[in-house]
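Here is a friendly briefing to read alongside the coordinates. Please keep the viewer open as you go through the topics.

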Amino acid sequence: MKIATWNVNSIRARLPRVLAWLSKAQPDVACVQEIKVEDAAFPRAEIEAAGYTATIFGQKTYNGVAFFSKTAPTDVERGLHDDAPDSHKRLIAASFGGVRIVNVYVPNGESVTSEKFPFKLKWMERLRAYLDAKCDPSTPLLLCGDFNVAPEDRDVYDPEKLRGTVLFHPEEQARLASICGFGLKDAFRMHHPEAGQYTWWDYRGGAFHRGHGYRIDHLLASEPLARACRAVTIERDERKGPQPSDHVPVVGDFGL
DNA sequence: ATGGTTGCTTAGCAA
């Protein structure tokens with residue numbers, strides 16, 4: 001079973017690349033973030049023509065998360081357990097053949113001096129509370145998505161320069177560690193200890209060309225699922241060519 | 001050096 005996470009940065013702007021990637025990569029489940037479209041305007045026919053069922057939690061202009069899957073999921077949940085009705089659309093969860101998948105788009109935070117930064121930290125604390133309330137780490141569980149946090153020094157291009165800035169701040173890393181403390185392992189790091197493996201490069205300043213990346217998109221697996229994980233791949237080539245997302249897919253292969 | 005680029009929406013915000 002191949003399960004991928006990818007922040008597509010607008011499904012409508014990225015549709016040609018997403019369709020080409022689905023056709024080539026053939027994931028069983030693709031967890032996507034920042035679809036930036038409400039349900040009514042979502043390009044459902046094109047995704048279905050590629051052989052995928054779209055299960056979406058859409059929002060106009062910002063945010064929005066979805067599953068594209070070869071078979072329809074069961075027990076779909078939209079939003080955090082304590083979300084207000086008008087909250088950002090940042091979490092969707094569903095079951096796929098015995099695997100519970102929670103797909104998240106963690107707030108970016110903007111900068112450590114922004115009012116959005118404490119909002120990000122609080123959202124991550126609420127995510128840990130959601131896991132406690134809704135999930136079971138003794139069963140096959142995957143928490144994946146764009147966490148907007150690089151966990152360790154080896155996950156950014158210049159840790160000394162970036163330390164304490166947004167996406168690489170100890171308070172964000174502590175919240176991510178608390179989330180993993182629920183009983184989840186960073187699946188990529190089970191297979192790849194090396195530095196310099198990034199999933200996001202800013203559009204600005206030629207960051208991709210300069211190697212200025214961050215590893216902020218993660219597959220976090222419960223112990224039963226982690227044991228079944230055969231490989232995890234960061235598809236760096238998806239950052240190349242015309243109209244790429246600023247993030248690339250991360251694909252896990254599970255022997256299920 | 002508070003820049004730079006992309007997307008949504010149409011000048012300004014978000015990332």
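What follows is a short tour of packing, rings, buried positions and backbone angles.

The model is a predicted one. Its ring contacts come to 7 aromatic pairs, and its largest nonpolar core has 30 residues. Helices α3 and α5 give a helix pair to look at, with axes that come within 9 Å.

**Helix packing**

- Helix α3 spans residues 116-134 and helix α5 spans residues 170-180; their axes cross at roughly 10°.
- Because angles under 35 degrees count as roughly parallel, α3 is described as roughly parallel to α5.
- On the α3 side, the contact is made by Phe117, Lys120, Leu121, Met124, Glu125, Leu127, Arg128 and Leu131.
- The α5 side brings Glu171, Glu172, Arg175, Leu176, Ser178 and Ile179 to the contact.
- Sorted by class, the α3 contact with α5 has 7 nonpolar, 1 polar and 6 charged residues.

**Lys120, a residue of that contact**

- Lys120 belongs to helix α3. Is Lys120 buried or exposed? At 0% relative accessibility, Lys120 counts as buried, because buried means under 20% relative accessible area.
- Setting aside neighbours within four places in sequence, Lys120 is in contact with Val106, Pro107, Asn108, Gly109, Phe147, Asn148, Val149, Val166, Leu167 and Glu172.
- Lys120 and Leu143 are 23 residues apart along the chain, and their C-alpha atoms are separated by 17 Å.

**Aromatic pairs**

- Among the 7 aromatic pairs is the one formed by Trp6 and Trp21, which is edge-to-face with 5.1 Å centre to centre and 65° between the planes.
- Trp6 sits in strand β1 (residues 2-7) and Trp21 in helix α1 (residues 11-25), so this pair ties together parts that are 15 residues apart in sequence.
- Trp6 is buried at a relative accessible area of 1%, and Trp21 is buried at 2%.
- Tyr157 and Tyr214 also form an edge-to-face pair, with 6.1 Å centre to centre and 75° between the planes.
- That pair links distant parts of the chain, 57 residues apart: Tyr157 is in the loop between β8 (141-146) and α4 (159-162), while Tyr214 is in strand β11 (residues 213-214).
- Tyr157 counts as partly exposed at 23% relative accessibility, whereas Tyr214 counts as buried at 10%.
- Which residues do ring pairs link into a cluster? They are Tyr157, Trp200 and Tyr214.

**The nonpolar core**

- Within the largest nonpolar core, Ile3, Phe67, Ile101 and Leu142 touch the most other members.
- Not counting residues up to four places away in sequence, Ile101 touches Ile3, Val29, Cys31, Phe67, Ile92, Ala93, Ala94, Phe96, Leu142 and Cys144.

**Buried positions that meet remote sequence**

- Gly252 is part of strand β14 (residues 250-254) and is buried, with a relative accessible area of 0%.
- Although Gly252 and Ile3 are 249 residues apart in sequence, their C-alpha atoms are 5.2 Å apart in space.
- Beyond its neighbours within four places in sequence, Gly252 is in contact with Met1, Lys2, Ile3, Leu219, Ala231 and Val232.
- Val8 is placed in the loop between β1 and α1; Val8 is buried too, at a relative accessible area of 0%.
- From C-alpha to C-alpha, Val8 and Ile35 are 6.6 Å apart in space, with their positions 27 residues apart in sequence.
- Apart from neighbours within four places in sequence, Val8 is in contact with Arg14, Val18, Val32, Gln33, Glu34 and Ser245.

**Backbone angles to check**

- Most residues other than glycine have a negative phi.
- Asp75 is not a glycine, yet has a positive phi of about 55°. Asp75 lies in strand β5 (residues 74-78) and counts as exposed at 57% relative accessibility.
- Asn148, also a residue other than glycine, has a positive phi near 55°. Where is Asn148 found? Asn148 is in the loop between β8 and α4, and counts as buried at 3% relative accessibility.
- Asn148 links back to the helix topic, being among the residues in contact with Lys120.

Terms used. Residues numbered from 1 in each chain as written. Chains lettered and ligands numbered in written order. Predicted model: local features only at pLDDT ≥ 70, side-chain atom pairs only at ≥ 80, totals over all residues. Heavy atoms only, no water. Axes fitted to C-alpha atoms, helices over the stretch in contact; angles between N-to-C directions. Helix = DSSP H or I, 4+ residues; strand = E, 2+ residues; numbered from the N terminus. Parallel < 35°, antiparallel > 145°, perpendicular 65-115°, else oblique. Contact = heavy atoms within 4.5 Å. Nonpolar A, V, L, I, M, F, W, Y, C, P; charged D, E, K, R; others polar. Phe/Tyr/Trp six-rings, centres within 6.5 Å; stacked < 30°, edge-to-face > 60°. Buried < 20%, exposed > 50% of the residue type's maximum accessible area, 1.4 Å probe, protein only. Core = buried A, V, L, I, M, F, W, Y, C linked by side-chain atoms within 4.5 Å.
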